[in-house]
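Here's a quick walk through one structure, from a helix and its surroundings to a metal site. Have the viewer open as you read.

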Amino acid sequence: MNVVESLEALPQQPAYPVMAIGVFDGVHRGHQAILEGLRDRARETAGTSLVLSFHPHPQKVIRPGDAPRLLQTGVQKEQMLRRLGIDYLIRHPFTRRLSLYTPDEFARRILYSHGIKEIRVGANFRFGHRRSGDFQTLQRLGQRYGFEVVEVEAVHTRGLRISSTLIRRALDEGRTSLARHLLGRPYQIRGVVIRGEGRGAGLGFPTANLQPRNELLPSGGVYLTHAWVNGDCHASVTNIGVRPTLDRPAAAPIVETHLLDYTGDLYGKSLALDFWLRWRDEKKFDNLQRLREQIGRDIEAARRYFDRLERIPRWAGRLRSESSPA
Ligand code: RBF
Ligand code: MG
């Protein structure tokens, strides 16, 4: 996959360009349906699949106060699109000026002038100034400017329409199993391991303190997770919280994970955490001994959970992590 920073950076005449437009934050199962269809269509026509993903998120430009916290970093999204077999990711700058385009200007300047032959959009797609254009508008413009428009149905599950908004809400409620179901893989955050106070080691459970690059963290609590380091996956237990048991609880949530069966220094390393299951609330214990015993039980829970998981082939196949080796 090629990544370009604007439409103008595309090669002059890509073969039969087919395009999907959207932010695609999370690349969830609904996005995957659009993108797999796009990729297959490009293969069928010996054409080129293009994903136009505005950057920054249009809401950050239009109404900065209301912009959603993104599920993925740019790198994570790029990896997912690459894995899906997309030919070009266009991280086109979303500007004030672009936000003022009428639907007609949008169709002419973005699609027609770049020779787009087909475009695929989700059911709730809106475009142009004040979101004034929808699927039908785009279809009419397609007749004028000579491109085909395909509407891809939203994916539903358990009576819910899968959307990035729904996943954000699930994570805000700590419902990481629901998020995993909607994404088609566990929710993953990435970052660098920073120096903590070394108190975990003192407790007998050394922890890696993560400085997350993601904007959105699951709500506070203890989770059963997979930790990816140097391409290897380790079962781990992760606490997101303020550590109320300590004399000086943290002011803001800290992400701390203990890797099972791992010894070694993680400071400065890149770490990815896959959130499989919310295990319990963070609690204020009467003393450190009680906390230590509880973390011991958390670790045993993780061991049982992941041992069982490994024996379910379905997870191994369908729910691949973002970080698993391709
Ligand atoms: N701190 C708390 O005050 N209450 C908790 O319930 C709690 N649960 C934790 C669970 C796990 C799996 C881990 C790794 C940490 C937890 N902590 C909790 C944070 C703990 O206080 C911290 O890791 C040590 O103090 C070392 O920094
Ligand atoms: Mg630590």
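What follows covers a buried arginine, a neighbouring helix and a magnesium ion.

This is a predicted model, where local features need pLDDT of at least 70, side-chain atom pairs count only at pLDDT 80 or more, and totals for chains, interfaces and linings use all residues. Residues are numbered from 1 along each chain as its sequence is written, chains are lettered from A and ligands numbered from 1 in written order, and side-chain values use heavy atoms, leaving out hydrogens and water.

Let's start with Arg 39, which sits in helix H1 (residues 29–44); helices are DSSP runs of H or I with at least four residues, strands are E runs of at least two, and both are numbered from the N terminus. Beyond its neighbours within four places in sequence, Arg 39 is in contact (heavy atoms within 4.5 Å) with Ser 49, Leu 84, Gly 85 and Ile 86. A polar atom of the Arg 39 side chain lies 3.0 Å from the backbone oxygen of Leu 84.

Leu 84 is also one of the buried residues of helix H3 (residues 74–84), along with Gln 76, Lys 77, Met 80 and Leu 81. Down the H3 axis, these fall within an arc of 130° (taken from the directions from the helix axis to the C-beta atoms), so they line one face of the helix. Their cover includes H1 and strands E3 (48–52), E4 (88–90) and E9 (187–194). Just after H3, Gly 85 has a positive phi of about 90°.

On to the metal: the magnesium ion (ligand 2) has as protein donors Thr 207 (O), Thr 207 (OG1) and Asn 209 (OD1), 2.3 to 2.6 Å away. Donors are N, O and S atoms within 2.8 Å of the metal (3.2 Å for Na, K and Ca), and with water not among the atoms, sites may look incomplete.

Burial is set by relative accessible area: under 20% is buried, over 50% exposed, and in between partly exposed (1.4 Å probe, protein chains only).

| Residue | Relative accessible area | Class |
|---|---|---|
| Arg 39 | 17% | buried |
| Thr 207 | 27% | partly exposed |
| Asn 209 | 9% | buried |

Technical notes
Polar contact = N/O pair within 3.5 Å; in protein donor to acceptor, adjacent residues only side chain to side chain.
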